[in-house]
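Reader: I'd like to learn how to read charged pairs and sheet layout in a model. Can you walk me through one?

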Amino acid sequence: MTPLTILAVDDDPQMLTLIERVTASHGHTLIKARSGEEAGLVIQGKVVDVVILDFMLEDENARDVYDRLRGRLPKIPFIVLSAVPYASVQPALEGLQFLAFLEKIHLVEELPVLLASIASRKSG
């Protein structure tokens, strides 16, 4: 499996730590950002293979963060992360292009599967 470089944007440091543990245990590199502004700074000069974006950012409109990142990373797959079920945020996700929606409660089980799929497409 090809290791991925992943940008994770989440305002919860504990969630970023969990994402880091999950991704590192599968050989991937994580770039962490606690805001959209920080995400824009930390990816400068870096190649990113996938973005994990918390859609329920506390102090920012996650759709604006998505739009800014998508503008800089037009061909990169996005995984939208949320603490609430898809049905609760589906209207807000209208028009966004993302590979998968992932509830935080299922992160440990489902994220490795998604990343393996992305890595296999990258290497194939």
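Author: Sure. Let's start with a cut-off: a salt bridge here is a side-chain nitrogen of Lys or Arg within 4 Å of a carboxyl oxygen of Asp or Glu. Keep in mind that this is a predicted model.

Reader: How many salt bridges does that rule give?

Author: The count comes to 5. Take Glu 20 and Lys 32 as one case: their closest N and O atoms are 3.1 Å apart. Glu 20 sits in helix 1 and Lys 32 in strand 2, 12 residues apart, so the pair links distant parts of the chain.

Reader: Are Glu 20 and Lys 32 buried or exposed?

Author: Buried needs under 20% relative accessible area, and exposed needs over 50%. Glu 20 comes out at 30%, which is partly exposed, and Lys 32 is partly exposed too, at 34%.

Reader: Which residues does Lys 104 pair with?

Author: Its side chain meets Asp 10 in a salt bridge at 3.1 Å, N to O, and Asp 54 in another at 3.4 Å. Sharing partners is what to look for: Asp 10, Asp 54 and Lys 104 are joined into one network.

Reader: What does the Lys 104 and Asp 10 pair tie together?

Author: Lys 104 lies in the loop between strand 5 and helix 5, and Asp 10 in the loop between strand 1 and helix 1, so the pair ties together parts that are 94 residues apart in sequence. With Asp 54, which is in strand 3, Lys 104 links parts 50 residues apart.

Reader: How buried is this trio by the numbers?

Author: Asp 54 is buried, with a relative accessible area of 1%. Lys 104 is buried at 16%, and Asp 10 is buried as well.

Reader: Now the sheet. What is the strand order?

Author: For a sheet, read the order, then the pairing sense, then the edges. This one is open, with 5 strands in the order 2-1-3-4-5 and parallel pairing. Strand 2 (29–33) and strand 5 (100–103) stand at the edges with a single partner strand each, so one side of each has no neighbour in the sheet. On average, neighbouring strands are turned by 20 degrees against each other, direction ignored.

Reader: Where does Asp 54 fit in?

Author: Strand 3 (residues 50–54) and strand 4 (residues 78–82) pair in the parallel sense over 4 bridges, and the bridge partner of Asp 54 in strand 4 is Leu 81.

Reader: And which strands does helix 5 touch?

Author: Helix 5 (residues 107–123) packs on the sheet, touching strand 1, strand 3, strand 4 and strand 5. Its direction makes about 160 degrees with that of strand 5.

Key
Residues are numbered from 1 along each chain as its sequence is written. This is a predicted model: local features need pLDDT of at least 70, side-chain atom pairs count only at pLDDT 80 or more; totals for chains, interfaces and linings use all residues. Side-chain values use heavy atoms; hydrogens and water are left out. Two strands pair if DSSP finds at least two bridges between them. Helices (H or I, at least four residues) and strands (E, at least two) are DSSP runs, numbered from the N terminus. Axes are lines fitted to C-alpha atoms, for helices over the stretch in contact, and angles run from 0 to 180 degrees between N-to-C directions. Contact means heavy atoms within 4.5 Å. Buried means under 20% relative accessible area, exposed over 50%, partly exposed in between (1.4 Å probe, protein chains only).
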